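Work through the exercises below with the model open. Try each task before reading its solution.

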Amino acid sequence: VMLSYFGGKLRLSQRGVYPAPEHDVVVDAFAGGAGYPLAHRHSRVILIDRNPIVCAVWQYLIGASESEIIGLPNLEPGQMIDDVVGISQEARWLIGFHVAQGVTHPRKQASKRVRDKPDSYWCIRTRQRIASQLSVIRRWTVHEGSYMDADSLVSGPATWFVDPPYHASGHHYRFNAGRGDDATQWYAELADWCRSRAGLTIVCEQIGAEWLPFEQVAEFSRGGNRGPQSAKEVAWIQRQ
């Protein structure tokens, strides 16, 4: 995990829930933590995201050296991330993604869970793990914008990984165009775009979504405010 991002697909991808890339280029159209291309250590990846902070952190990681990442500081007890001196804003955001579990924006301070387990989240092992993956992402590119921008970035077949804000739970994301009164139309347009892709297209959702003919691919337990909860992942897969 290079960004501890809400709804990330790293572990499901590592488990083989989704098909492996079948083309030279992977387009992660709602990049977030980019778990799918990371899981497959794919070298040619285009990340697209509407969140400028997510894009800035990925740009920072692509250009950072291993020693720079390893040398980033720990947080002192009670320290606010904005008070850390001697590092860039992008590095602060990176830390902010690792001081809480599964977030959609970087936090300003460590969560209670992280404070209780300081050696499990933002620690030297985390930085070493991130540094060890930098060679994988050197040729990745990042585009801040809409999934529709991919048509100007890619020519020919590609592996399209589409993990949008889920229809039922996408309210967690600050940059989610698929909510409100226009949500139905937004998902209908996204479905048409997914059907038009050349290559391998993988679209992720959760059980109950109907804007594509999804099929269940995984069931697992995840933590919640009310204890462990069962979650069912669905996907729509097309090759053309």
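For residue classes, Ala, Val, Leu, Ile, Met, Phe, Trp, Tyr, Cys and Pro count as nonpolar, Asp, Glu, Lys and Arg as charged, and the others, Gly among them, as polar. The model is predicted.

**Exercise 1. The second largest pocket**

Task: Give the volume of the second largest pocket, and sort its lining by class.

Solution.
- Step 1. The volume comes to about 240 Å³.
- Step 2. Find the lining. The second largest pocket is lined by 15 residues, and Leu75, Glu76, Ala110, Val114 and Pro118 are the closest to its centre.
- Step 3. Apply the classes. The lining holds eight nonpolar, four polar and three charged residues.

**Exercise 2. The overall fold**

Task: What is the radius of gyration of the protein chain, and what would a compact globule have?

Solution.
- Step 1. List the elements. The protein chain has eight helices and seven strands.
- Step 2. Take the extent. Along the principal axes, the C-alpha atoms fill a box of roughly 50 × 40 × 35 Å.
- Step 3. Compare with the rule. A compact globule of 240 residues would have a radius of gyration near 18 Å. The protein chain has 18 Å, so the two agree.
- Step 4. Check burial. Of the 240 residues, 50% count as buried.
- Step 5. Check the contacts. Take those with a separation of 6 or more: 66% of them join residues 24 or more positions apart.

**Exercise 3. The largest nonpolar core**

Task: Which residues have the most contacts inside the largest nonpolar core, and which element gives the most to this core?

Solution.
- Step 1. The largest nonpolar core has 52 residues. Trp58, Leu61, Ile69, Ile137 and Trp140 have the most contacts inside it.
- Step 2. Trace the suppliers. At least two residues each come from helix H1 (10-14), helix H2 (35-39), strand S2 (45-49), helix H3 (52-63), helix H5 (89-97), helix H7 (124-133) and strand S5 (199-206).
- Step 3. Rank them. H3 gives the most to this core, with seven residues.
- Step 4. Look apart from this core. Another core lies there, with 25 residues, including Ile46, Ala150, Trp186 and Cys194.
- Step 5. Set this in context. In soluble globular proteins, nonpolar side chains tend to be buried together.

**Exercise 4. Leu61, Trp140 and the cover of H5**

Task: Is Leu61 buried or exposed, and what does Leu61 touch beyond four places in sequence?

Solution.
- Step 1. Place the residue. Leu61 is in helix H3.
- Step 2. Apply the cut-off. Buried means under 20% relative accessible area. Leu61 has 0% relative accessibility, so Leu61 counts as buried.
- Step 3. List the partners. Beyond four places in sequence, Leu61 touches Met2, Leu3, Ile69, Leu94, Ile130, Leu134, Ile137 and Arg138.
- Step 4. Take one partner. Met2 and Leu61 are 59 residues apart in sequence, yet their C-alpha atoms are 8.7 Å apart.
- Step 5. Turn to H5, where Leu94 is among the buried residues, with Ala91, Arg92, Ile95, Gly96 and Phe97. Their cover includes H3, helix H4 (66-70) and H7.
- Step 6. Do the same for Trp140. Its contacts beyond four places in sequence are Ala34, Pro37, Leu38, His42, Ser43, Val45, Leu47, Trp58 and Ile62.

**Exercise 5. Positive phi on either side of H2**

Task: Are Ala34 and Arg41 buried or partly exposed?

Solution.
- Step 1. Place Ala34. This residue sits in the loop between strand S1 (26-28) and H2.
- Step 2. Read its backbone. Phi of Ala34 is near 55°, a positive value in a residue other than glycine.
- Step 3. Ala34 has 0% relative accessibility and therefore counts as buried.
- Step 4. Place Arg41. This residue lies in the loop between H2 and S2. Phi of Arg41 is near 50°, again positive in a residue other than glycine.
- Step 5. Arg41 has 48% relative accessibility and so counts as partly exposed.

**Exercise 6. Ser13 and Ala20**

Task: Which residues are in contact with Ser13, and which with Ala20, beyond four places in sequence?

Solution.
- Step 1. Ser13 is in helix H1. Its relative accessible area is 2%, so Ser13 is buried.
- Step 2. The contacts of Ser13 are Tyr18, Gly35, Tyr36, Ala39 and His40, leaving aside neighbours within four places.
- Step 3. Ala20 lies in the loop between H1 and S1. At 39% relative accessible area, Ala20 is partly exposed.
- Step 4. With neighbours within four places left aside, Ala20 is in contact with Tyr36, His40 and Leu200.
- Step 5. Ala20 and Tyr36 are 16 residues apart in sequence and 8.7 Å apart, C-alpha to C-alpha.

Conventions. Residues are numbered from 1 along each chain as its sequence is written. This is a predicted model: local features need pLDDT of at least 70, side-chain atom pairs count only at pLDDT 80 or more; totals for chains, interfaces and linings use all residues. Side-chain values use heavy atoms; hydrogens and water are left out. A nonpolar core is a set of buried Ala, Val, Leu, Ile, Met, Phe, Trp, Tyr and Cys residues joined through side-chain atoms within 4.5 Å. Buried means under 20% relative accessible area, exposed over 50%, partly exposed in between (1.4 Å probe, protein chains only). Helices (H or I, at least four residues) and strands (E, at least two) are DSSP runs, numbered from the N terminus. Contact means heavy atoms within 4.5 Å. On a 1 Å grid over the protein atoms alone, a cavity is a set of points where a 1.4 Å probe fits but cannot get out, and a pocket is an open set with protein on both sides within 12 Å along at least five of seven lines; lining residues have an atom within 4 Å of a point. Grid points are joined across faces, edges and corners, and a volume is the space filled by probe spheres set on the points. The radius of gyration is taken over C-alpha atoms; the globule rule is 2.2 Å times the number of residues to the power 0.38.
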